[in-house]
Amino acid sequence: MDNISRQKIQALEKMLGEDGPVAVTAHMRPDGDAVGSCVAMYHILKDAGRDARIVLPDRSPECLAFLTGTVEEGRLLIHEDDRAGAEAAISGCSLLFCLDYNAFHRTGEMESALGNSMARKILIDHHLNPSHELFDLVFSETEISSTAEYLYYIMMATERFGQNPGKLPPDAALALMTGMTTDTNNFANSVYPSTLEMASSLLGAGVDRDMMIGHLYNEYREERIRLMGELLSRSLKITSYGVAYMVLDKETIGKYNLQEGETEGFVNIPLSIGKVKLSCFFKEDKDRIRVSLRSKKGISANRCAAEYFHGGGHELAAGGRLTVPDDVRSIHDVPSYVEKVTREFMSTGSNI
């Protein structure tokens, strides 16, 4: 991680010291890093006396309810449930935090509201290629585990916290630890020395990691585990060139009454197989097919997502989509498509 600019910290401190409502936003289908970063920022703002609200495009996974439950009633707005209220919070704020996304289109149907907002906009993100022109202040760092980790070090660099994590509101500290933990797949990938230093400091500040792990990984519905078993036994395919893929269709989603976020982590499982170098997970969703990619060191999931799946992300973790009928005629054509493009990718430029 590069040193955080003192000039940017001073600009941030000036904005934080002013009056007016604040909106804290994240990308569509918010994951643990997005929710953790937003909840942490909310509690930091609340502790400073600011009028803050979190505005998310969609509902977050149920396993993160222990975080969202710390937000006061009426202070967490979901655009898909209350479009008018969410957009009023965005248009009515004087300061807008954009966390864990690099451009407004990553927020789905919130894009127009964010683009039209007259508020000053602060980006804190760890993805590639941020749209600098959209924001008034940009904190962008890719050599870091998560937005939650980056937000932690940004806050520690302010005079208010002065490198003392014990000064963080307890709910903010827990949220930051959660965001970092989920985005590293519980320290399985994208771990840097700074990541372990952050974890150690937050544990020292009193974060209950055992409780957090229990909520994240030990409270799944039975249906999720049974779905995982069915996918691994019936859907998992492994090609001769080291690509594993699974396809989840609407029929199976309905069979298990799948909830948003319940397939999180499925794409990582095939990487435990020695010969697998790239893992792909395809999930049917309305008029498109959502794509998740994970790879082992030396294989660029980001490049594969950008070249074949209208997406991108990090070198070892990326996402994208396939559209119907432009890319494939239906979910049933995904296997032939993925085998064709990944064969080409692995033979002509998969290396980072």
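**View 1. The surroundings of T107 in the predicted model.** Leaving aside residues up to four places away in sequence, T107 touches A26, H27, M28, P57, Y101 and L114. The model shown here and in the following views is a predicted one. T107 lies in the loop that runs between β4 and α5, the latter spanning residues 111-116. Because its relative accessibility is 0%, T107 counts as buried. A polar atom of the T107 side chain lies 3.3 Å from the backbone nitrogen of E111.

**View 2. H79 in the loop that follows β3.** H79 is placed in the loop between β3 and α4, a helix of residues 83-91. With a relative accessible area of 4%, H79 is buried. Its contacts, not counting residues up to four places away in sequence, are L56, P57, A86, E87, E109 and M110. P57 is thus listed among the contacts of H79 and also among those of T107.

**View 3. The parallel sheet and the helices that lie on it.** Six strands make up an open sheet in the order β3-β2-β1-β4-β5-β6, and their pairing is parallel. At the edges are β3 (76-78) and β6 (137-140), each of which pairs on one side only. Neighbouring strands of this sheet are turned against each other by 20 degrees on average, direction ignored. Within the sheet, strand β4 (residues 95-99) pairs with strand β5 (residues 120-125) in the parallel sense over 5 bridges, and the bridge partner of L96 in β5 is K121. Helix α1, residues 6-16, lies across β4, β5 and β6 and runs at about 125 degrees to β6. Helix α2, residues 32-47, packs on the sheet as well, touching β1 (22-25), β2 (52-56) and β4, with its direction making about 165 degrees with that of β2. For residues 22-180, the UniProt record, an unreviewed entry, lists "domain: DDH". Over residues 22-180 the chain is 35% helix and 17% strand, and the C-alpha atoms at the two ends are 24 Å apart.

**View 4. Cysteines C38 and C98, without a disulfide.** Which cysteine sulfur is nearest to that of C38, and how far away is it? The nearest is the sulfur of C98, 9.5 Å away, and C38 is in no disulfide. The sulfur of C98 in turn has its closest cysteine sulfur in C93, at 8.8 Å, which is too far for a bond because a disulfide requires the two sulfur atoms to be within 2.5 Å. The count of disulfides by this rule is 0. C38 is buried, with a relative accessible area of 1%, and C98 also counts as buried, at 0% relative accessibility.

**View 5. Helix α6 and the loop beyond it.** Is helix α6 buried or exposed? Of the 10 residues of α6 (residues 147-156), 10 are buried, so the helix is largely enclosed by the rest of the structure. Its buried residues include the tyrosines Y150, Y152 and Y153, as well as T147 and E149. In the loop between α6 and α7 (170-183) is G166, which counts as exposed at 52% relative accessibility. The C-alpha atom of G166 is separated by 7.9 Å from that of L202, although these residues are 36 residues apart along the chain.

**View 6. The mixed sheet and helix α10.** Another open sheet has 6 strands in the order β7-β8-β9-β10-β12-β11, with mixed pairing. Its edge strands are β7 (237-238) and β11, and each of them pairs on one side only. Strand β8 (residues 243-248) and strand β9 (residues 278-285) run parallel and are joined by 6 bridges, with A244 standing opposite S279 in β9. Helix α10, residues 222-235, packs on this sheet and touches β7, β8 and β9, its direction making about 125 degrees with that of β8.

**View 7. The antiparallel pairs around β12.** Strand β10 (residues 288-295) pairs with strand β12 (residues 317-323) in the antiparallel sense over 7 bridges, and the bridge partner of R294 in β12 is A317. Strand β11 (residues 312-313) is also antiparallel to β12, to which 2 bridges join it, and G312 has G319 as its bridge partner in β12. How many residues lie between β11 and β12 in the hairpin that they form? There are 3 residues between these two strands.

Key. Residues are numbered from 1 along each chain as its sequence is written. This is a predicted model: local features need pLDDT of at least 70, side-chain atom pairs count only at pLDDT 80 or more; totals for chains, interfaces and linings use all residues. Side-chain values use heavy atoms; hydrogens and water are left out. UniProt positions are given in the numbering used here, feature names are shortened, and annotations may be inferred rather than shown by experiment. Helices (H or I, at least four residues) and strands (E, at least two) are DSSP runs, numbered from the N terminus. Two strands pair if DSSP finds at least two bridges between them. Axes are lines fitted to C-alpha atoms, for helices over the stretch in contact, and angles run from 0 to 180 degrees between N-to-C directions. Contact means heavy atoms within 4.5 Å. Buried means under 20% relative accessible area, exposed over 50%, partly exposed in between (1.4 Å probe, protein chains only). A polar contact is a pair of N or O atoms within 3.5 Å; within protein, one must be able to donate a hydrogen and the other to accept it, and residues adjacent in sequence count only if both atoms are side-chain atoms.
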